[in-house]
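User: I am new to reading protein models. Please take me through this one in short steps.

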Amino acid sequence: MCRGDLVITAGAWGSYKVKICTTFLFPQAKNCCFDLNTPNAKMIWQLTSYWTSLVTSVIFGLLLQPPLAQLSTITQPNFVLLMADDLGIGDVGCYGNDTVRTPNIDRLAKEGVKLTQHIAAAPLCTPSRAAFLTGRYPLRSGMDAINNYRVIFWNGGSGGLPPNETTFAKILQQQGYSTGLIGKWHQGVNCESRNDHCHHPLNHGFDYFYGMPFTLISDCQTTEAPEMDRVFRRKLWLYTQMICLFTLTAALGRITGLIPVHWKTLTCLAGFSLLFFVSWFSSYGFVRYWNCIMMRNHEITEQPMVTERTTSLILRESIAFIERNKHKPFLLFLSFLHSHTPLLTTEKFLGKSSHGLYGDNVEEMDWMVGQVLDAIDKEDLKSTTLVYFASDHGGWLERQEDTRQLGGWNGIYRGGKAMGGWEGGIRVPGILRWPGVLPAGTVINEPTSLMDIYPTVTHLAGGVVPQDRVIDGRDLMPLLQGRVEHSEHEFLFHYCGVHLHAARWHQKDSGAIWKAHYVTPKFRPLGAGACYDRGFCPCFGEGVTQHEPPLLFDLSRDPSEAKPLSADTEPVFDTVVERIGRAIEEHRRTLTPVPEQLSLYNVIWKPWLQPCCGTFPFCWCDKEGDSELADL
């Protein structure tokens, strides 16, 4: 009778004796019944009642708590990674833009965590995305250039993300995930033959691929002026005209007898002129056919792509991937073609924004984000899906046509795309949402990196990051959930190609974020905020300025990098510069030589590597036909 029983027995003269039997206070007692008519027993009964009520309240309180951070109950969450192309941090509403409408991206920030110092590992597409996929600075995999060709230039080139690199998709694939990439790749296709697909997404851990193996460029749209290697192409065309003019002059001189030249010499000149023209026009004259293609897995579906339906197809494929994988863990990497030129925008959004075609394009991308989020909600996957939104690097300030601004805006931050050190080229939006696990409406002002997604999704999926190489990313979950106060990144290094332009030091004890610039591009015209004379800022040579001592800024006080500090204005100037210098030396000791994927040989067009849906050089097909795209 020691189970907490209440015992009532009849006493003399109609009285009753009340006893309580319990082991709560004295579990080892032989006689656990107490007469409540005695003073001591009454006291014990009151204590028992108090503790019973307290324990009951605690248990009910725990049961009624919201399921925040119940991570152990979700063993393998889904991942939807959304990456914009060339989007500036100042183009998004939740980062301060009040004229471009981005309600769906803003909703992600409201329901999740917004990172205010989210940093790309490179200021251009190919190296930044290589770092994102591998969690490593791009020069560790050979995906940064020593020359001016800093991205993959051709589908028919031989450079690309090396097969021995381990992407987060490959790790998740090994953990039983369905992995899909929809949209832009820009990490190469083939190595030695047209169909070896050594750099292809399916060789890097993705079960499914639909999109562009290259990147969107203005050459893909017949109504736009050519974009790819524009200056070099003009030179080639000028040289061709000069050679042809010289050959014609020599021929006329021979015919009129004014110039004594042999017919054999004229024949050689004519042959050289033709060979020179064919050698460059066979590649640059057919850019739309060689680079502007769409693929589904290894199959080319459009060559050239039909740009009028590209947006609808990418959205349809993304939603379909979610729907067919809703019953198992999945990774969807939706790599938008927005907002890269030529700014493909459907008629539904043209002229709707207050910032011209660029604003229209950004607002359409935001709508696409909303459609993907709706698909997640429709399949009841919201609480089991981590959604991430970012841009691969900053907006392209120099991208203009006449009076039209076709590139993005980087807010208060100096510089933009292609600039390795200035914040505008590398500070990007970073938003993560996971209801019930990540606290909604949180803003984190700590330095983080696109490379951090690699260890974060790997650990959440139950995988382990490779132990045989340096991983530069850090797991974000402790910071996102508030379990730690500071980011794990003490130092971040900012490259332009393989050239170190700047480095930052997060001095956690003081809250300062020091940034030292060793090399900066020369802006032209003087006083401008970009390299408008070139279209791109260079990494080395006459177009840059070396700084010794480096330009030093404290981003916690001067995020716009407007007022460089000096030994006269900053008491700890020498100490900070010395500490950052030591960190750079330590970082360089971790680097090992690897093959250059963006060497001149690897980036040039090779006919034998060109993906072709017909018999080369007759490459043309449209396997999508009139696909039903209603309601998308």
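User: How many bridges join S17 to strand S18 (residues 512-521)?

Analyst: This is a predicted model, where local features need pLDDT of at least 70, side-chain atom pairs count only at pLDDT 80 or more, and totals for chains, interfaces and linings use all residues. Residues are numbered from 1 along each chain as its sequence is written, and side-chain values use heavy atoms, with hydrogens and water left out. Helices (H or I, at least four residues) and strands (E, at least two) are DSSP runs, numbered from the N terminus, and two strands pair if DSSP finds at least two bridges between them. S17 and S18 run antiparallel, and the number of bridges joining them is six.

User: Which residue of S18 stands opposite glutamine 507?

Analyst: S17 and S18 form a hairpin with four residues between them. Glycine 511 in that turn has a positive phi of about 85 degrees. Opposite glutamine 507, in S18, stands alanine 512.

User: Which residue takes a positive phi in the hairpin of S16 and S17?

Analyst: Strand S16 (residues 491-496) pairs with S17 in the antiparallel sense over six bridges. Cysteine 496 has histidine 499 as its bridge partner in S17. Two residues lie between these strands, and the one with a positive phi, near 65 degrees, is glycine 497.

User: How many residues of strand S17 (residues 499-507) are buried?

Analyst: Buried means under 20% relative accessible area, exposed means over 50%, and partly exposed is in between (1.4 Å probe, protein chains only). S17 is mostly covered. Of its nine residues, the number buried is eight.

User: Which strands are the edge strands of the open sheet?

Analyst: Eleven strands form this sheet, and the pairing is mixed. Their order is S15-S5-S14-S11-S4-S10-S6-S7-S8-S9-S20. Each edge strand pairs on one side only; they are S15 (442-449) and S20 (621-622).

User: Which residue in S15 stands opposite glutamine 117?

Analyst: Strand S5 (residues 113-119) and S15 run parallel, joined by six bridges. Opposite glutamine 117, in S15, is proline 447.

User: What angle does the direction of H9 make with that of S11?

Analyst: Axes are lines fitted to C-alpha atoms, for helices over the stretch in contact, and angles run from 0 to 180 degrees between N-to-C directions. Contact means heavy atoms within 4.5 Å. H9 packs on the sheet and touches strand S4 (78-84), strand S10 (330-335), S11 and S14. Its direction and that of S11 make an angle of about 170 degrees.

User: Are H8 and H9 roughly parallel or roughly antiparallel to each other?

Analyst: Helix H8 (residues 310-324) and helix H9 (residues 356-378) pack with their axes 10 Å apart, at an angle of about 20 degrees. Angles under 35 degrees count as roughly parallel, over 145 as roughly antiparallel, 65 to 115 as roughly perpendicular and the rest as oblique. H8 and H9 are therefore roughly parallel.

User: Which residue does a cis peptide bond join to glutamine 303?

Analyst: Omega of this bond is about 0 degrees. The partner is found in the loop between strand S9 (299-303) and H8. The residue joined to glutamine 303 is proline 304.

User: What is the relative accessible area of alanine 418?

Analyst: Alanine 418 has a positive phi of about 80 degrees, although it is not a glycine. It lies in the loop between strand S13 (404-405) and helix H10 (423-426). Alanine 418 is buried, and its relative accessible area is 0%.
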